[in-house]
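Visitor: Please pick one part of this protein and give me a close look at it. After that, walk me outwards to the other spots you would point out.

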Amino acid sequence: MQRRTLAVFAVLLLLPAFAVAGEPNRGTGKPAQRVDKETLALRLRLATRNRHGKGIEKSKTDRDDGDVKSFPHFASSFTVGGHNAFTGQAFPFTMVGFPPQSGKTATFRSVIVPLRMNFVFFGHSDQDPGVLLDRVFEPTRAVNNIVASPLFNDAQFVNGVGQFVDQMQRATFWNKMDPRHGWHVIMDRPRVAKPVTIQVTPETGRLLQISDDPNGLIGEVLFDFMDAEIRTVLQFADFGPDELPIFVTDSVFNEALGYHDAFAVKNDDRTETLRTFIYTSWFDVSQLGDLLADVSTINQELSEWANDPFVNNSFPTWRYPPEEDPRAECSFNPFLEVGGPQGNGPTFDDFPTIAVPLNGFKYHLQQLVMLPWFADESPSSALNGWYTFPGPTSLREPAVYCE
């Protein structure tokens, strides 16, 4: 059934399965830890804020010659507004697509790599010895939901009908694009690779029990372990230089909800490929609630990829909004991470997800900030003076920088 479902979307890649090296302890197992959903959600947000890709230096990503292979991207800069220590300073940035003033449409290819997470040697439940904890978290449900989502299909947004990333970027540059407003950043329908099986043992992960039901489990794996497995897949798989790999797990996270990264690969012809990728977790709304439901993580990661594909857009370090919340604090984050301000800090619950219906399903999209927010523009140069998307009124003031 799974193979037939995936075949509807794309021709499957032949990718090998990867497992943990070494022989784990088969005898003792590792009991599942009972956790409170709300406490876990807060811990996940705090953990995600500390996970950033290493990126590629701008001297490579801003080159415009035949020695670098990549997808369409443009370089520009903004000048900080407001009255602060950075006022008048220019900060360069690189984003996906053609320059907004060109009026050209850029279409981006992607491939979803489903990760089948096989948790083994975890023994039996302490609560119910008859329940074996070992289990496989299949990725099919998450993959199907993401492929059918507003990230790759047209849906209704506050500024019109279109894909999520395209509508957000068009709102951001509405007053700076071509006069006919023909500029677009479009995600092509992703192809879906054959699932890659990753073996997780008590040495590299753990199981968390999120309800009184001993079978109500989600998985957590070490960040470095997952990152190493992903980079191994990238090393052996045949992805095009203009193709974005998106690694997906269902009910499993890697000490964080998701992340994106980039690195340069030397080719035999002495050129270099600028490789980017995304990892995203996926949870059903019944597991961890609306704030972490379905595409709320990948909509953040895909938008951050669009706004900072090579993880090298540096900005003044900003504080988590809103400033009137006593929990607001310095993010210690100097990057243009559009999902971080409203999604990863201690104030994340001030910003409910936006429900976007499509084909009978209610998708939960995280609130994101736009470039004028980072630039301390007042008023914002975005459409209608907005700072946020898809809910344009969740913030009405630009960033407050750290002291």
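**A bridge between two sulfurs**

Guide: Let's start with C330 and C402, whose sulfur atoms are 2.1 Å apart and form a disulfide. The rule for calling it that is a pair of cysteine sulfur atoms within 2.5 Å. In chemical terms, a disulfide is a covalent bond between the sulfur atoms of two cysteines. The two partners come from distant parts of the chain, 72 residues apart: C330 is in the loop between helix 8 and helix 9 (340-343), and C402 is in the segment after strand 21 (388-389). When I say helix or strand, I mean a DSSP run, numbered from the N terminus: H or I with at least four residues for a helix, E with at least two for a strand.

Some housekeeping before we go on. You are looking at a predicted model, where local features need pLDDT of at least 70 and side-chain atom pairs count only at pLDDT 80 or more, while totals for chains, interfaces and linings use all residues. Residues are numbered from 1 along each chain as its sequence is written, and side-chain values use heavy atoms, with hydrogens and water left out.

Back to our bridge. Searching the whole structure turns up one disulfide. The torsion about its S-S bond is about 105°, so the link between C330 and C402 is right-handed. Is C330 buried or exposed? It's buried, at 13% relative accessible area, and C402 counts as buried too, at 17%. The cut-offs, using a 1.4 Å probe and protein chains only, are under 20% relative accessible area for buried, over 50% for exposed, and partly exposed in between.

Strand 21 also helps us find another buried residue: E377 sits in the loop between helix 10 (371-374) and that strand. Its relative accessible area is 16%, so E377 is buried. Setting aside neighbours within four places in sequence, E377 is in contact (heavy atoms within 4.5 Å) with K176, P372, Y387 and P398.

For a whole element tucked away, look at helix 4 (residues 140-147). Six of its eight residues are buried, so the rest of the structure largely encloses it. Those six are T140, A142, V143, N145, I146 and V147.

Just before helix 4, in the loop that follows strand 6 (135-137), you'll find E138, while R116 is in strand 5; they are 22 residues apart in sequence, so their pairing ties those parts together. The pairing is a salt bridge, 3.0 Å from N to O. The term means a side-chain nitrogen of Lys or Arg within 4 Å of a carboxyl oxygen of Asp or Glu. As a general idea, side chains of opposite charge can pair when their charged atoms come close. E138 is partly exposed, at 36%.

How many salt bridges does the count come to? The answer is 18. Another one joins R109 to D242, with the closest N and O atoms 2.7 Å apart. R109 is in strand 5 (residues 105-119) and D242 is in the loop between helix 6 and strand 14 (243-250), so parts 133 residues apart in sequence are tied together. R109 is partly exposed at 39%, and D242 is partly exposed at 31%. Then there's D269 with K69, at 3.4 Å between the closest N and O atoms. That pair spans 200 residues, from strand 2 (residues 68-69) to the loop between strand 16 and strand 17. Salt bridges also link E57, K60, K266 and E272 in a network.

Finally, the empty spaces. On a 1 Å grid over the protein atoms alone, a cavity is a set of points where a 1.4 Å probe fits but cannot get out; a pocket is an open set with protein on both sides within 12 Å along at least five of seven lines; and lining residues have an atom within 4 Å of a point. Grid points join across faces, edges and corners, and volume is the space filled by probe spheres set on them.

The largest pocket holds about 200 Å³. Helix 6 gives the largest share of its lining, three residues. As for cavities, there are three of 30 Å³ or more, and the largest has a volume of about 70 Å³. Its lining has 13 residues, with R51, H260, E301, E304 and E337 nearest the centre. Strand 16 and helix 8 (298-307) each supply at least two residues of that lining.
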